[in-house]
Amino acid sequence: MRAATDAGFDLAGIAPVGDSPELEYFPQWIAEGHAGEMGYLEGRDEQGRLKRASLARVAPWARSVVVCAINYNTAQPYSTQVPDQSTNGQGRGWISRYAWSQNDYHDSVMQWLRRVELAVRNASGASDLVTRCYVDTGPIVERVAAKYAGIGWIGKNTCIIHQKLGSWLFLGVILTSLELEPGLPAPDRCGSCTRCIEACPTDALIAPYQLDSNKCISYLTIEKHSVIAEELRSGMGRHIFGCDICQDVCPWNRKAPATDAKEFQPRPELVNPALDWLAEISAEEFRSTFRGSPVRRAKRAGLRRNAVIAMGNSGDQKLLPLLEKLTADKDEAVAESADWAIEKLRRGAKSA
Ligand code: B12
Ligand code: SF4
Ligand code: SF4
């Protein structure tokens with residue numbers, strides 16, 4: 001724990017390597033198609049078994065998982081506290097809390113993990129010690145490991161929640177061949193609350209603790225590169241990269257403290273950004289604006305498509321001339337979304 005806080009983490013714990021009731025759900029989640037187009041979650045071993053469902057098979061040398069967590073919350077208001085543009089007509093979009101800083105969390109968290117890894121290696125002194133650091137990409141469902149390391153409980157919104165810090169946490173894990181004393185899982189404190197499930201605009205939380213990515217705005221705006229189904233577009237509202245609604249409404253985030261880590265401080269132009277700017281952003285400006293940022297994952301095409309859909313949801317009639325122009329865009333998803341957005345704005349004007 002000391003090594004983790006010295007490295008910059010807020011929380012750390014040890015999880016055992018082994019099966020758990022939560023992991024039994026993973027193959028079912030994949031089989032039901034809830035991973036959408038995220039093929040990387042479906043990696044299988046030679047026997048055709050899902051790698052992420054059993055760490056013990058994929059990394060037979062591993063004995064413990066060191067799980068580290070860091071608070072990335074900043075003092076900016078939650079998306080649910082900023083009036084929606086459809087009521088103020090300002091044509092603004094929303095980038096989720098984790099992505100408005102300059103740095104990609106994968107890089108920052110990995111840097112800190114490496115420091116913890118070094119400390120573990122130095123402390124063990126064993127020359128044959130094996131360690132592997134992962135942020136997102138390992139054969140591991142990090143939230144399950146975080147639960148068993150005592151970092152927090154898995155909420156009904158599927159996020160790890162810590163009683164004092166809330167859920168604005170990034171996770172990183174170190175697999176190690178060291179036999180370490182595991183922590184105790186944190187008790188579930190969701191109780192009878194169902195706020196996250198009720199607040200999700202696209203009904204992506206299909207049941208407590210179960211998320212269908214195909215409906216989740218985070219997936220749609222970041223991971224889905226093809227056309228977004230029309231019936232989901234209105235629910236996306238002004239979201240253009242990620243979504244925080246099911247965490248914004250969580251009572252455990254009401255008093256979540258803000259971090260002063262410089263890596264997570266937002267860039268002012270990315271908090272509630274102008275949609276017309278992003279819909280027309282050039283390749284060069286996209287590269288320079290989002291250098292080192294997680295937003296690159298959506299690619300310029302995805303971000304422009306998302307901005308155009310948000311324009312359709314904005315109620316802002318002033319955006320119509322730009323949308324007309326975008327119907328002739330070379331990018332098919334942008335042009336098609338612009339047709340939809342015009343239709344939506346015109347319908348809105350008639351019913352107003
Ligand atoms: C794929 C992925 C996504 C996908 C799918 C999300 C999902 N819920 O699965 C999408 C793109 C939608 C996504 C969105 C987000 N993500 Co993401 N994502 C991942 C990734 C890479 C894999 C997750 C995974 O394996 N999902 C598979 C499903 C089955 O697992 P799960 O949802 O974690 O579900 C477990 C529990 O719900 C559990 N369970 C527990 N109790 C119960 C009870 C019952 C009855 C049942 C049936 C199941 C069940 O079963 C599951 C395990 O099998 C992880 C990193 C990692 N390697 O783990 C980051 C990760 C989970 N994401 C993270 C973040 C920050 C986000 C976003 C907040 C980003 C944003 N602002 O848009 C949102 C949050 C949306 C949400 N409510 O989950 C953080 C979460 C930190 C935290 N505090 O929990 C992680 C850990 C990344 C990191 N390194 O920090 N993400
Ligand atoms: S991130 Fe948004 S869309 Fe996804 S489950 Fe949460 S509220 Fe629903
Ligand atoms: S909103 Fe309520 S049900 Fe959802 S994760 Fe938070 S405490 Fe749990």
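This is a selection-by-selection tour of a predicted model with one chain and its ligands.

Residues are numbered from 1 along each chain as its sequence is written, while chains are lettered from A and ligands numbered from 1 in the order in which they are written. Because the model is predicted, local features need pLDDT of at least 70 and side-chain atom pairs count only at pLDDT 80 or more, whereas totals for chains, interfaces and linings use all residues.

**Whole chain**

Select the chain and show the cartoon. There are 15 helices and 10 strands; both are DSSP runs numbered from the N terminus, helices being H or I of at least four residues and strands E of at least two. The radius of gyration, taken over C-alpha atoms, is 21 Å, close to the 20 Å of the globule rule for 352 residues, so the chain is as compact as a globular protein of that length. That rule is 2.2 Å times the number of residues to the power 0.38. Along the principal axes, the C-alpha atoms fill a box of roughly 70 × 40 × 40 Å.

Colour by burial next. Buried residues are 44% of the 352, where buried stands for 20 or more other C-beta atoms within 10 Å of the residue's own, exposed for 12 or fewer, and partly exposed for the range in between, with C-beta atoms placed from the backbone. Of the contacts between residues at least 6 apart in sequence, 79% join residues at least 24 apart; a contact puts two C-beta atoms, placed from the backbone, within 7 Å.

**Two domains**

Select 2-75 + 99-176 as domain 1 and 195-256 + 267-351 as domain 2; such bounds come from an automatic or database domain assignment. The contact takes 24 residues from domain 1 and 27 residues from domain 2. The side of domain 1 that touches domain 2 has 10 nonpolar, 11 polar and 3 charged residues. In these classes Ala, Val, Leu, Ile, Met, Phe, Trp, Tyr, Cys and Pro are nonpolar, Asp, Glu, Lys and Arg are charged, and the others, Gly among them, are polar. The C-alpha centres of domain 1 and domain 2 are 28 Å apart.

**Ligand 1**

Select ligand 1 and the 39 residues around it, using a C-beta atom, placed from the backbone, within 6 Å as the test for being near. Phe 26, Glu 142, Tyr 209, Ser 218 and Gly 242 come nearest. Helix α2 gives the most to this shell, with 5 residues; elements supplying at least two include α6 (142-148), β7 (169-176) and α8 (217-223). By class the shell has 24 nonpolar, 8 polar and 7 charged residues, and at least three come from each domain.

**Glu 22**

Stay on helix α2 and pick Glu 22. Glu 22 is partly exposed, with 16 other C-beta atoms within 10 Å. Beyond neighbours within four places in sequence, Glu 22 is in contact with Val 144 and Ile 154. Glu 22 and Val 144 are 122 residues apart in sequence but 6.8 Å apart in space, C-alpha to C-alpha.

**Ligands 2 and 3**

Move to ligand 2. The residues around ligand 2 include Asn 157, Cys 200, Cys 216, Cys 243 and Cys 246. Helices α8 and α10 (245-248) give two or more residues each. This shell has 9 nonpolar, 3 polar and no charged residues.

Finish at ligand 3, where the surrounding residues include Asn 157, Cys 190, Cys 193, Cys 196 and Cys 250. The shell around ligand 3 divides into 7 nonpolar, 3 polar and 2 charged residues, with at least three drawn from each of domain 1 and domain 2.
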